Amino acid sequence: MMPDRIGAPPRAWQRMLSGRRLDLLDPSPLDIEIGDIAHGLARVARWNGQTSGDHAFSVAQHCLLVEEIFCAITPDPTPTERLTALLHDAAEYVIGDMISPFKAVVGGDYKEVENRLKRAIHLRFALPAEPTSALNDSIKRADHVAAYFEATELAGFTIAEATRFFGRPRGFEVSRFDLIPRAPNKVQREFLARFAAIEKPRQASSRRTG
């Protein structure tokens, strides 16, 4: 990436492969594309890349896992709820997956940028800008279950460490989930396929009520 010209204001946008130019400080829903999200998340590593396997365990693969767990713990989730779960870390296609200890050091500015991106992503896909507390809690629970298994199976955490930070999952066995890190292009296709499978009934419902 070329540096900004001397004396010029710092550049606050990123060019996406779709051709969109996304302003990080004032993101517009019109500049957000699911293809860019899938491409980026499939190439962002969870756990700073400190995982076993031939490939990094990507944020896209984590999002697929969280949505799967969310559906298992939520009675009859709506397509809108499922899409919110799938996109819970979508902002990381722009800002990367910053590990929790570093987030604590950076503080509020990081969260402010992340929240702006989340709201823009939600608006782009006709999701509530601010999900309900109940939905956020359910997604967070699924996120912690996923993190526990990723930590113990891939990232070298002991059971005691993972239990301390994420809680010990109840009602789940690790054998239920595919935690083998996969190639970025494969995960990108899986993410897009899952998005399409969730979005199809949402669009059908919208046409019926429109």
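This is a short walk through the predicted model, stop by stop, with a selection to make at each one.

Before you click, note that residues are numbered from 1 along each chain as its sequence is written, and that side-chain values use heavy atoms, with hydrogens and water left out. Because the model is predicted, local features need pLDDT of at least 70 and side-chain atom pairs count only at pLDDT 80 or more, while totals for chains, interfaces and linings use all residues.

**Whole chain**

Start in cartoon view. You should find 9 helices and 2 strands, running β-β-α-α-α-α-α-α-α-α-α along the sequence. Helices here are DSSP runs of H or I with at least four residues, strands are E runs of at least two, and both are numbered from the N terminus. Of the 210 residues, 40% are buried; buried means under 20% relative accessible area, exposed means over 50%, and partly exposed is in between (1.4 Å probe, protein chains only). Switch on the surface: about 11800 Å² is exposed, with carbon and sulfur atoms supplying 53% of it. That area comes from the Shrake-Rupley method with a 1.4 Å probe; for residues, only the protein chains shown count as cover.

**Helices α2 and α3**

Now select 59-73, which is α2, and 79-86, which is α3. Their axes come within 8 Å and cross at roughly 145°. Axes are lines fitted to C-alpha atoms, for helices over the stretch in contact, and angles run from 0 to 180 degrees between N-to-C directions. Show side chains and you'll see Cys63, Leu64, Val66, Glu67, Phe70 and Cys71 of α2 meeting Glu81, Arg82, Ala85 and Leu86 of α3.

Zoom in on arginine 82, in α3. Is this arginine buried or exposed? Arginine 82 counts as buried, because its relative accessibility is 17%. Beyond its neighbours within four places in sequence, arginine 82 is in contact (heavy atoms within 4.5 Å) with Glu67, Phe70, Cys71, Pro77, Arg194 and Ile198.

**Loops**

Next, pick aspartate 76 in the loop between α2 and α3. Its phi is near 50°, a positive value in a residue other than glycine. Most residues other than glycine have a negative phi. Aspartate 76 counts as exposed, at 72% relative accessibility. For another positive phi, go to asparagine 48, at about 55°, in the loop between α1 (34-41) and α2.

Then jump to proline 128, in the loop between α6 (108-124) and α7 (133-153). Proline 128 is partly exposed, at 42%. Draw a C-alpha to C-alpha distance to glutamate 81: the two are 47 residues apart in sequence and 9.8 Å apart in space. Leaving out neighbours within four places, proline 128 is in contact with Thr80 and His122.

**Aromatic rings**

Rings of Phe, Tyr and Trp (its six-membered ring) pair if their centres lie within 6.5 Å; planes under 30 degrees apart are stacked, over 60 edge-to-face, and the rest tilted. The chain has 8 such pairs.

- Tyrosine 148 and phenylalanine 149: edge-to-face, 5.4 Å centre to centre, 80° between the planes. Both are buried.
- Phenylalanine 172 and phenylalanine 177: tilted, 5.9 Å centre to centre, 35° between the planes. Phenylalanine 172 is buried at 11%, and phenylalanine 177 is buried at 9%.
- Trp47, Phe157, Phe165 and Phe166: a cluster linked by ring pairs.

For the last stop, select tryptophan 13 and arginine 21. Arginine 21 lies over the tryptophan 13 face, 4.6 Å from the ring centre; the rule asks for NZ of Lys or CZ of Arg within 6 Å of the ring centre and within 35 degrees of the ring normal.
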